[in-house]
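Got the viewer open? Let's walk through the model one selection at a time.

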Amino acid sequence: MKKILLGNEAIARGLLENGCSFAASYPGTPASEILSSFLQMAKAEKTPAIGEWSINEKVAYETALSVSYAGGRAAVSMKQVGLNVACDPLMSSAYTGVKGGFLVISADDPGPHSSQTEQDSRMMAMMAKIPVLDPSTPQEAKEMIRVAYQISEEFEIPVMLRPTTRICHSRQGMALEAIPAPSLASGFSKDPQRWAATPRYRYTLHHQLNQKIEAIAAKFGEDSYQRILGSSNARQCIISSGVALAHTYDTLKELNLEDQIALYQVKMPYPLQVQTILDELVPFEKILVIEETSPVIELQLAMRGRIKGRLDGSIPPQGELIPDVLVQSISNFAQIPEEKKAPIPGKARRPTLCPGCPHRAAFYAIRQALPQGIYPSDIGCYTLGLNLGAVDTVLCMGAAISQAAGLYHAYRMKGEVPPIVATIGDSTFYHAGIPALINAVHNGAKFILLILDNFTTAMTGNQPTPGLELLADGRRGKAVAIEDLVRASGVPSLTIIDPYQLEEITRAIKEADKVTRSENGGISVIISRHPCLMTPGAGKKQQSYGMQITEDCIACEICFRDFECPAIGLDQESGRARIDPNLCSGCGVCAQVCPQEAIKRI
């Protein structure tokens, strides 16, 4: 049977077709749909394969790895930034190895479209000394899973699959194979010298790991390096991998260079069978390596004088290698004049919080209550609070709380502490905020923390959080309440409030500042709680108003400039504000924002 699948669906299907029995993940674009698709397909096929949304990537990695330790085939998926969180078990598991096939799927985001960094997971694989496969199409991503499990089980080593955004989110028709019964755990075999190795034996494991990598390169390196374009007379060649290979193929065709320049695909960028590639490159006068995002292949070939690529600037050192970029780079390499394209007219629209988003009201209240404050924030939708002037820092998951503590200590030494208001989402709080909060309480920091609880991991597609009685596959789980965790951390002041009640949350923030500054004050936590309207059914459960702009409007622009509701704009004809009924959620918060009381609920 053939079916058109999203790249992430193809990966999920590939896992099931190859007997994966357990998958774990923490949601993060561009990898989010892998686990949800895996569970939906497993349910539809009535296989016993299971999975979970873990609290963070490290926990997901360690849980799936243990299934492999017990002999079952397992996989963990995440975005590239999540691999940083899972770096500790990644490095160590390369030494201990695995038993059942174990696949690490790290989806990179060249560009970056929705990430703090555009780091290259292949570099992480090379640092950990595990093989990495780099698909150039969704079909190839699905097919590579079979090879990945073969390598993993034959050499008892984790194997990485590194799709990128364009692979994860593109669609392709492909043949589906039968889904067999999953490879269940055969049972954990005790071997403390391996699974609980002391530092002395880790040296031995490292030696064994090096031998594995050499053997993998020898056995699989040749098949992972293929010539796919170029006549026998070609004197120039390009080496590429991943989606950059697909774009390069199309660019060579577009420029009519497919006979003049040979194109080689590298399916396994690490470990390379270097000598085979060097022998293959002897006839070529010029060689260009095109890869996203770091020079992984280029560094391993180590022929700086002859090979061009990222290291000498022939390929831009950052950014996605989209066709427009490649046309310029390949034209320069082939020494043909580039045809300049006229820029596309129009102004880019900056990202903004959705109409009716409860975070908008919370951020507005922060600015109204404590306009002189410092506002550390975190990773998620609430990064867009930047537009509302209520976000000053965004570093990484959980850092809002650590940075608020650091800012407090920095100003305390000066003797004058400004208001510090940190914001973090519910999922991010569970992910990495809890240790930071315990640390801040323990070390006597004083600041306000708003936990923006919208009952979901909104930015990545509304995956459930541990705060809900809902598991990844729809079964009922045990909810772990944020307020219980906050109280157990020793926080002296806790308030729970609906941000749609703008006056009340503004007053609560001012009161929290007083409490924080009192003699026995510490960290004041406000849980700003209202469901995300993008969660199916959430909008219908809340009261919705019809909204109207009256003649009292003086076009002060507060409702769409300061409050930044995307449903409101300036009506050029009347000179007053105008509400777009197609965008308006009817939350009614704008009526509380308007100083002229010119916005009415009807």
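A polar contact here is a pair of N or O atoms within 3.5 Å, where one must be able to donate a hydrogen and the other to accept it. Keep that in mind for the first stop, and remember that you're looking at a predicted model.

Select S489. You'll find S489 in the loop between helix 18 (482–488) and strand 18 (493–497). Now show polar contacts: the side chain of S489 reaches the backbone oxygen of L485 at 2.8 Å. Buried or exposed? S489 counts as buried, because its relative accessibility is 11% and the cut-off for buried is under 20%. Leaving aside residues up to four places away in sequence, S489 touches L437, I438 and V441, so add those three to the selection.

Next, the largest pocket. Its volume is about 700 Å³. To get to the middle, pick K79, S114, I379, G380 and M459, which lie nearest the centre among the 35 lining residues. Two elements give two or more residues to that lining: helix 4 (80–85) and helix 17 (426–442). Helix 4 has the largest share, with four residues. Colour the lining by type and you'll get 14 nonpolar, 18 polar and three charged residues.

Last stop: an open sheet. Six strands pair in parallel, in the order 3-2-4-5-7-6. At the edges sit strand 3 (50–53) and strand 6 (132–133), each pairing on one side only. Zoom in on strand 4 (residues 74–79) and strand 5 (residues 102–107): they run parallel, joined by six bridges. Which residue of strand 5 does A75 stand opposite? Select L103 and you have it.

How values were computed
Residues are numbered from 1 along each chain as its sequence is written. This is a predicted model: local features need pLDDT of at least 70, side-chain atom pairs count only at pLDDT 80 or more; totals for chains, interfaces and linings use all residues. Side-chain values use heavy atoms; hydrogens and water are left out. On a 1 Å grid over the protein atoms alone, a cavity is a set of points where a 1.4 Å probe fits but cannot get out, and a pocket is an open set with protein on both sides within 12 Å along at least five of seven lines; lining residues have an atom within 4 Å of a point. Grid points are joined across faces, edges and corners, and a volume is the space filled by probe spheres set on the points. Ala, Val, Leu, Ile, Met, Phe, Trp, Tyr, Cys and Pro count as nonpolar, Asp, Glu, Lys and Arg as charged, and the others, Gly among them, as polar. Buried means under 20% relative accessible area, exposed over 50%, partly exposed in between (1.4 Å probe, protein chains only). Contact means heavy atoms within 4.5 Å. Two strands pair if DSSP finds at least two bridges between them.
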